[in-house]
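Below are some short notes on the model, set down for checking against the coordinates. They start with a single residue and then turn to one sheet.

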Amino acid sequence: MSRIGKNPVTIPAGVTVKVEGNVVTVKGKKGELTQDFVDVTIKVEGEQVIVERSSDNKDMRSKHGLYRSLINNMVIGVSEGFSKELELVGVGYRASNKGQKLDIALGFSHNIVLDIAPEVTVETVSEKGKNPIIKLSSFDKQLVGQVAAKIRSFRKPEPYKGKGVKFVGEELRRKAGKSA
């Protein structure tokens, strides 16, 4: 039995979970998320969501834990939300936003202007003497991760000086420079 899949998902106050066929809809104070499911049965019993599988083959076992985690992330997202912070390390690296447009200067000949999805709120913090920080938050965990990965892909941190876009708290593997 899947260790993750057999744990029930507790539903906090203010969150409603509705199962119609193979579509689960989770609604809370932050927003509403829907997800399609196959090969598993999902039951809402009181304040818990239980995910069960029909057989024990490998494909079903893997989906069992996956779908339980997806439902858990949906419940946490609509009740609390998710956030990620990115740090721009480098001389002259800047970030600013106007609404849902993020303007990033990463040492290229031009600034990068990125349209952020309306479900994601973006905020930029620039303090003198500190690296600029981009804060992303939303009720959809997958969308926040995707937007953060897209921003990071413009200039990944390099191993010698550590310049680039990195997650706050990320440990970089540093290399020694050339020895003379």
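1. Ser 83 is exposed, because its relative accessible area of 57% is over the 50% cut-off. The model is a predicted one, so this value should be read as computed from predicted coordinates.

2. Ser 83 belongs to strand E7, which covers residues 82-89. Leaving aside residues up to four places away in sequence, Ser 83 touches Leu 136, Ser 137 and Val 144. Lys 135 lies 52 residues from Ser 83 in sequence, yet the C-alpha to C-alpha distance between Ser 83 and Lys 135 is 7.1 Å.

3. The sheet comes next. Which order do its strands take? An open sheet of 3 strands is arranged as E2-E3-E4, and the pairing is antiparallel. Strand E2 (16-20) and strand E4 (32-36) are the edge strands, each pairing on one side only. From one strand to the next, the twist averages 15°. Strands of a sheet pair through backbone hydrogen bonds, either parallel or antiparallel.

4. E2 and E3 run antiparallel and are joined by 5 bridges. Within this pair, Lys 18 has Thr 25 in E3 as its bridge partner. The two strands, E2 and E3, make a hairpin with 2 residues between them. Gly 21 sits in that turn and has a positive phi of about 65°.

5. On the other side of the sheet order, strand E3 (residues 23-27) pairs with E4 in the antiparallel sense, over 5 bridges. Two residue pairs can be checked here: Val 26 has Leu 33 in E4 as its bridge partner, and Lys 27 has Glu 32 in E4. E3 and E4 also form a hairpin, with 4 residues between them.

6. In a regular strand the side chains alternate between the two faces of the sheet. That general point may be kept in mind when going through the bridge partners above.

7. Which helix lies across the sheet strands E2, E3 and E4? Helix H1, made up of residues 58-79, does so. The angle at which H1 runs to E4 is about 170°.

How values were computed. Residues numbered from 1 in each chain as written. Predicted model: local features only at pLDDT ≥ 70, side-chain atom pairs only at ≥ 80, totals over all residues. Heavy atoms only, no water. Pairing = 2+ DSSP bridges. Axes fitted to C-alpha atoms, helices over the stretch in contact; angles between N-to-C directions. Contact = heavy atoms within 4.5 Å. Buried < 20%, exposed > 50% of the residue type's maximum accessible area, 1.4 Å probe, protein only.
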